[in-house]
Every structure is written in structure tokens, then in C-alpha cells.
Amino acid sequence: MNKKDIERINDTTIVRKTTVIGSFAFGWLITIAGFIVPPLGVIDNSVIIILGQALTYTAVGVGLKQYGDIQNAKINQLFDSMTDNEDEKNDKA
């Protein structure tokens, strides 16, 4: 993996984190605004739908990160076991 690949991964991580946080904040802002604007204390169905979509996007963004970490751990474990097998074969030879 070269330096450009690592920089690109870092850029996508920054974009993902920014959009996840922005979506979460926007969903709650819209919900709070739904309570403030007339009629007071009544939330329209569209506000609830927007909040649900914002929270779903947030969960997907966090879930993809966790899934990626799990897959990276599996790949690293597989790679380590393959290199250990190669070392054992070289020691026997």
C-alpha cells in the first residue's frame, strides 16, 4: 500500500465522518424545529420520516466502519496464518 492509497482512505474517512455527524445533527435540528414552529408541540409526519432517514444513514455510516474493521482483522489474521505456514515450511527445508 503506497502513500496515495493511505491518503485516499483518510480522505474518504473524513468525508464519511463529516456526513454522518451532519446527518445526525440535521435530523435532530429538524425535529426540534418541528416542536417550535406553529402549531406548537405537533410534529408533522414528514419530520419524523426525515429523522428516521437521518438516523438510518448515521447507523449505516457507523456500521460500514465496523464491518470494514472486522474484514480487515480477518484479512490480517489470514495473512498472518499464511506467513506462519511459509515460515514453518522454510524451517523444515
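Colleague: Leaving aside its neighbours within four places in sequence, which residues is Ser23 in contact with?

Modeller: In this predicted model, Ser23 is in contact with Ala54, Tyr57 and Thr58 once neighbours within four places in sequence are set aside. Contact here requires heavy atoms within 4.5 Å. Ser23 itself belongs to helix 1.

Colleague: What makes Ser23 count as buried?

Modeller: The relative accessibility of Ser23 is 15%. The cut-off for buried is under 20%, so Ser23 counts as buried.

Colleague: Where is Thr58, and what makes Thr58 count as buried?

Modeller: Thr58 sits in helix 2. Its relative accessibility is 12%; buried means under 20%, and therefore Thr58 counts as buried. With neighbours within four places in sequence left out, Thr58 is in contact with Val20, Ser23 and Phe24.

Colleague: What does the side chain of Thr58 reach at 2.8 Å?

Modeller: The side chain of Thr58 reaches the backbone oxygen of Ala54. The separation is 2.8 Å, and the limit for a polar contact is 3.5 Å, so the pair is within the limit.

Colleague: Where does Ser81 lie, and which backbone oxygen does its side chain reach?

Modeller: Ser81 is a helix 2 residue. Its side chain reaches the backbone oxygen of Leu78 at 2.8 Å. Ser81 has a relative accessible area of 32%. Buried needs under 20% and exposed over 50%, so Ser81 is partly exposed.

Colleague: Why is the aromatic pair of Phe24 and Trp28 called edge-to-face?

Modeller: The count by this rule is one aromatic pair. In that pair, Phe24 and Trp28 are 6.4 Å apart centre to centre, with 70° between the planes. Ring centres have to lie within 6.5 Å to pair, and planes over 60 degrees apart count as edge-to-face; therefore the pair is edge-to-face.

Colleague: How many residues apart are Phe24 and Trp28 in helix 1?

Modeller: Phe24 and Trp28 are four residues apart in helix 1, which means that about one helical turn separates them.

Colleague: What makes Phe24 and Trp28 partly exposed?

Modeller: Phe24 has a relative accessible area of 40%, and Trp28 has a relative accessibility of 38%. Partly exposed is the class between under 20% and over 50%, so the label applies to Phe24 and to Trp28.

Colleague: Which residues make the nonpolar surface patch?

Modeller: The patch is made by Phe24, Trp28, Ile32, Phe35, Ile36 and Leu55, and covers about 580 Å². Helix 1 gives the largest share of this patch, five residues.

Colleague: How do you know that Leu55 is partly exposed?

Modeller: Leu55, in helix 2, has a relative accessible area of 31%. Patch residues need over 30%, so Leu55 passes that cut-off. The same 31% is neither under 20% nor over 50%, and therefore Leu55 is partly exposed.

Colleague: Where does Pro39 lie, and which peptide bond is cis?

Modeller: Pro39 lies in the loop between helix 1 (3-36) and helix 2 (45-92). The peptide bond from Pro38 to Pro39 is cis, and its omega is near -5°.

Colleague: How many helices and strands has the protein, and what share of its residues count as buried?

Modeller: The protein has two helices and zero strands. Of its 93 residues, 11% count as buried. About 7,600 Å² is exposed by the protein, and carbon and sulfur atoms supply 66% of that area.

Conventions
Residues are numbered from 1 along each chain as its sequence is written. This is a predicted model: local features need pLDDT of at least 70, side-chain atom pairs count only at pLDDT 80 or more; totals for chains, interfaces and linings use all residues. Side-chain values use heavy atoms; hydrogens and water are left out. Buried means under 20% relative accessible area, exposed over 50%, partly exposed in between (1.4 Å probe, protein chains only). Accessible areas come from the Shrake-Rupley method with a 1.4 Å probe; for residues, only the protein chains shown count as cover. Rings of Phe, Tyr and Trp (its six-membered ring) pair if their centres lie within 6.5 Å; planes under 30 degrees apart count as stacked, over 60 as edge-to-face and the rest as tilted. Patches are made of residues with over 30% relative accessible area and no salt bridge: like charges are joined within 9 Å, nonpolar side chains (Val, Leu, Ile, Met, Phe, Trp, Tyr) within 5 Å. A salt bridge is a side-chain nitrogen of Lys or Arg within 4 Å of a carboxyl oxygen of Asp or Glu. A polar contact is a pair of N or O atoms within 3.5 Å; within protein, one must be able to donate a hydrogen and the other to accept it, and residues adjacent in sequence count only if both atoms are side-chain atoms.
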